[in-house]
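Got the viewer open? Here's a short tour, one selection at a time.

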There are 2 protein chains.
Amino acid sequence: MAAQTKILLDESEMPTQWYNIIPDLPTPPPPPLHPGTHEPIGPDDLAPLFPMALIEQEVSSESYIDIPGEVLDVYRLWRPSPLYRAHRLEKLLDTPARIYYKYEGVSPAGSHKPNTSVPQAYYNHSEGVKKLTTETGAGQWGSALAFATAQYGMECEVWQVRASYDQKPYRRTMMQVWGATVHPSPSDLTGAGRAILARDPDSPGSLGIAISEAVEAAVGDPDTKYALGSVLNHVLMHQTIIGEEALLQLAKIGETPDLLVGCTGGGSNFGGLSFPFLREKMAGRMNPTIRCVEPAACPSLTKGEYRYDFGDTMGMTPLVKMHTLGHDFIPDPIHAGGLRYHGMAPLVSHIYESGLVEAEAIHQNECFDAAIKFAKSEGIVPAPEPTHAIAAAIREANRAKETGEETVILTALCGHGHFDLKSYEAYLSGELVDYDYPEEKVRAAMANVPVIA
Amino acid sequence: MAAQTKILLDESEMPTQWYNIIPDLPTPPPPPLHPGTHEPIGPDDLAPLFPMALIEQEVSSESYIDIPGEVLDVYRLWRPSPLYRAHRLEKLLDTPARIYYKYEGVSPAGSHKPNTSVPQAYYNHSEGVKKLTTETGAGQWGSALAFATAQYGMECEVWQVRASYDQKPYRRTMMQVWGATVHPSPSDLTGAGRAILARDPDSPGSLGIAISEAVEAAVGDPDTKYALGSVLNHVLMHQTIIGEEALLQLAKIGETPDLLVGCTGGGSNFGGLSFPFLREKMAGRMNPTIRCVEPAACPSLTKGEYRYDFGDTMGMTPLVKMHTLGHDFIPDPIHAGGLRYHGMAPLVSHIYESGLVEAEAIHQNECFDAAIKFAKSEGIVPAPEPTHAIAAAIREANRAKETGEETVILTALCGHGHFDLKSYEAYLSGELVDYDYPEEKVRAAMANVPVIA
């Protein structure tokens with residue numbers, strides 16, 4: 001047998017436009033509101049943080065936006081990314097389902113994040129910005145931005161949550177290899193950090209605190225802006241190159257998906273894979289079920305309320321309408337750090353609320369069990385985040401085995417797990433806790449969500 | 001500009017034969033000798049350790065050997081591997097040279113090692129072997145074999161040098177994810193290990209000790225054999241798929257290399273890249289300079305003697321004629337663990353002695369400096385071993401800048417450095433020592449090399 005394993009695209013076939021789903025939706029998503037006035041925010045409110053090109057993309061009514069040549073030049077270091085047919089996993093599962101995965105771990109930073117860090121660095125560079133600041137937890141986003149800024153000769157300053165800074169030094173070193181400066185957060189370099197340290201000198205930090213520090217450092221310096229790795233419309237749009245490529249790749253082999261599954265944390269990987277397929281579905285050209293998969297311990301879509309809330313823990317960002325567990329909800333310490341977010345991208349939330357996609361939540365032991373099956377058959381050791389999508393794909397493949405249906409499943413393997421082997425060690429040692437939905441903690445956090453008239 | 005960055009091959013273009021250079025050489029390499037009798041060894045001497053198919057490949061006089069379909073099926077998980085044109089590095093160096101690198105870090109284990117671990121597992125499995133044993137240092141080879149055995153449902157038992165087992169636990173966990181059992185070496189599971197532990201209960205271990213343990217565990221069990229990741233003829237032959245693909249890829253863009261540079265430790269990466277090009281050179285179809293690059297601290301080709309010596313520290317293996325620094329020479333602790341070997345593959349040694357290839361040695365700070373330049377421009381963070389080849393390529397690109405020549409340079413980027421960031425941290429902190437050639441230590445070690453009549 002010589003069944004095709006990888007469906008490749010030549011560089012000349014790489015999409016040259018991102019897809020903006022907003023104009024195609026039945027209703028527009030609700031606008032972000034100013035945290036003080038509760039009025040819709042305008043471009044000027046965002047200008048201290050983002051370059052005008054990205055602000056325009058955030059509110060664009062164009063369906064397609066050209067990818068600049070200088071961004072395509074960098075994308076070509078790893079794009080188009082391969083689409084795999086999971087022959088060996090199918091055989092292990094003894095399923096009639098055909099499973100495909102789009103692998104984003106081929107990027108230098110090892111995840112889908114450079115799809116947006118590169119254009120963000122580019123547009124900032126084009127508008128004369130010299131330095132970008134950002135926050136990072138385990139380091140996926142921070143390393144993606146460090147890589148991107150290196151490509152345009154910019155500086156990069158990253159506030160990394162102290163617990164990760166101390167416990168997972170390798171991502172930090174990777175950022176430094178690309179020339180970034182990395183601070184543990186809370187730091188004494190910002191007012192926000194100093195305020196936290198004054199209260200708790202041993203604070204392990206949090207993503208919310210790190211965001212506050214990175215934002216503060218950006219607004220205080222005219223040559224510096226801030227970059228966010230998920231949640232915002234323009235970030236999800238940059239990721240649509242994943243789905244656009246996958247559409248081309250499936251068309252090459254005459255395949256149409258019955259089901260898309262993608263893990264959802266902030267929503268950028270899921271949006272990137274699914275929005276182009278959702279366009280095809282809304283246009284009646286295919287009819288896949290599209291499913292978000294989230295951790296049972298942090299189930300913003302399946303358990304959260306759809307209402308206005310802050311994007312950060314400290315309540316400094318605009319108010320956005322999204323599925324939220326409350327902005328000061330602190331998820332239990334599951335290993336999929338990228339999915340430990342209290343809210344969901346407003347765009348994914350809006351689409352979910354519109355009934356265009358569905359969602360399910362899975363416990364982490366099932367995810368790591370799926371990951372081991374995947375690694376033993378397909379070779380790649382996945383990051384903890386996409387193990388949620390793999391677990392969902394395996395659930396569906398097992399259902400197909402019962403029904404005998406040749407279900408075509410597509411998922412995004414958004415990153416490798418080379419920096420997450422401590423999590424695998426914990427799983428293999430039987431130490432992983434299956435945290436359930438923390439109803440009491442969420443109720444307490446939701447009580448702090450502002451009420452918008 | 002839309003200059004092509006990656007030259008890809010379709011799976012249908014993947015070579016289906018390995019190249020055995022031996023029949024094409026002007027003279028055959030000297031035979032391995034029995035350590036006791038000093039007579040050439042025969043297949044029976046190797047049968048306790050290796051399956052007959054691999055023993056036959058070791059001494060084959062066929063120029064090409066078909067790659068089995070079940071091996072090609074697994075190769076397709078990552079092969080054909082991409083050939084990159086290093087546009088962004090060239091720009092950084094402001095050189096007229098055109099630099100190409102064949103990237104083997106796309107394999108699930110992250111290096112070129114699965115090119116041989118997969119066929120080794122396959123042939124053993126075909127002959128009814130249930131388990132493979134091996135040694136590993138930092139874990140590149142151990143993880144490649146763990147991945148390969150998982151593909152054929154075999155067991156894998158790895159003795160990992162204790163210092164690495166304790167200090168670099170992530171490669172160990174990766175092996176466990178693929179189902180391997182990993183022991184720190186010296187262990188109390190073998191006579192060799194127990195003997196070492198009796199003398200020194202806190203022994204940090206060495207590759208030589210780990211080899212002894214893995215070999216002992218294999219010969220004592222009829223269902224178990226042993227696998228070696230470099231040095232042997234059949235191992236280098238399995239790696240020739242690298243060079244065969246690179247030839248096809250360069251031909252696609254009408255390019256002929258002026259210079260090949262490859263790092264040399266045991267010789268498998270270098271042999272894999274260069275032997276197909278050496279065939280073309282010997283046949284007069286191209287005339288590239290082909291250069292081995294080794295660490296200044298462990299310069300077996302540039303400083304070692306060409307004579308019969310043991311492959312392992314304990315003196316248990318057959319005697320092979322190679323460039324050696326003495327089998328009990330312990331190299332200084334440079335970070336390119338895969339290049340810390342006292343000898344060189346007999347086949348690479350023979351070819352070097354025949355004047356077909358040249359060699360140079362480089363200190364590690366120059367290598368890491370080259371690696372940082374590479375990572376900032378090309379994105380990929382290289383493993384410490386191929387930084388030697390990158391440093392050599394940069395030397396040549398700088399020479400081309402002086403002369404104005406459009407030199408075409410090809411190198412093999414044999415693995416990523418995701419598990420080597422501790423080494424980068426040491427470099428960035430200015431802690432890396434440029435160990436010189438340890439003349440006294442080598443003289444002492446050479447005094448213990450047996451004299452063959």
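At roughly what angle do the axes of helix H12 (residues 241-252) of chain B and helix H13 (residues 268-282) of chain B cross? Before you select them, keep in mind that this is a predicted model.

**Stop 1: a helix pair in chain B**

Select residues 241-252 and 268-282 of chain B. The axes of H12(B) and H13(B) cross at roughly 60° and come within 6 Å. Because of that angle, H12(B) counts as oblique to H13(B). The crossing is right-handed.

Now show the side chains where the two touch. On H12(B), pick out B:Ile242, B:Gly243, B:Glu244, B:Ala246, B:Leu247 and B:Leu250. Facing them on H13(B) are B:Gly272, B:Leu273, B:Pro276, B:Phe277, B:Arg279 and B:Glu280. Colour this contact by class and you get seven nonpolar, two polar and three charged residues.

**Stop 2: a helix pair in chain A**

Hop over to chain A and select helix H12 (residues 268-282) and helix H14 (residues 346-353). Their axes are 11 Å apart, and the helices pack at an angle of about 45°. H12(A) and H14(A) are therefore oblique to each other, and H12(A) passes H14(A) in a left-handed crossing.

Which residues meet here, from H12(A) and H14(A)? Look for A:Phe270, A:Phe275 and A:Leu278 on H12(A), against A:Leu347, A:Val348 and A:Ile351 on H14(A). By class, this contact has six nonpolar residues, with no polar and no charged ones.

**Stop 3: both chains together**

Zoom out until you can see chain A and chain B. A turn of 180°, with a shift of 0.0 Å along the axis, lays chain B on chain A with an RMSD of 0.0 Å. The two copies are thus related as by a two-fold rotation axis. To find that axis from chain B, go to B:His418: its C-alpha is the one in chain B nearest the axis, 3.3 Å from it.

Next, highlight the interface. How many residues of chain B are in contact with chain A? There are 46, and they touch 46 residues of chain A. Of the interface residues of chain B, 100% are also interface residues in chain A, so the copies meet through the same surface.

Together the two chains bury about 4200 Å², and 56% of that is on carbon and sulfur atoms. Three residues to label are B:Arg88, B:Tyr170 and B:Val177. They supply 16% of the area that chain B buries against chain A, more than any other three residues.

**Stop 4: some backbone details**

Finish by looking at the backbone. Most residues other than glycine have a negative phi, and most peptide bonds are trans.

- Select A:Arg79 and A:Pro80: a cis peptide bond joins them, with omega about -10°. A:Pro80 sits in the loop between helix H3 (69-75) and strand S4 (83-85) of chain A.
- Try B:Arg79 and B:Pro80 as well, where the peptide bond is cis with omega near -10°. The loop holding B:Pro80 runs between helix H3 (69-75) and strand S4 (83-85) of chain B.
- Go to A:Asp94, a residue other than glycine with a positive phi, near 55°. You'll find A:Asp94 in the loop between helix H4 (87-93) and strand S5 (98-103) of chain A.
- End at A:Val231, where phi is also positive, near 70°. A:Val231 is in the loop between strand S9 (224-226) and helix H11 (233-252) of chain A.

Key
Residues numbered from 1 in each chain as written. Chains lettered and ligands numbered in written order. Predicted model: local features only at pLDDT ≥ 70, side-chain atom pairs only at ≥ 80, totals over all residues. Heavy atoms only, no water. Least-squares fit on C-alpha atoms with pLDDT ≥ 70 in both. Contact = heavy atoms within 4.5 Å. Axes fitted to C-alpha atoms, helices over the stretch in contact; angles between N-to-C directions. Helix = DSSP H or I, 4+ residues; strand = E, 2+ residues; numbered from the N terminus. Parallel < 35°, antiparallel > 145°, perpendicular 65-115°, else oblique. Left-handed = near helix turned anticlockwise from the far one by under 90°. Nonpolar A, V, L, I, M, F, W, Y, C, P; charged D, E, K, R; others polar. Buried area = accessible area lost by both parts, 1.4 Å probe.
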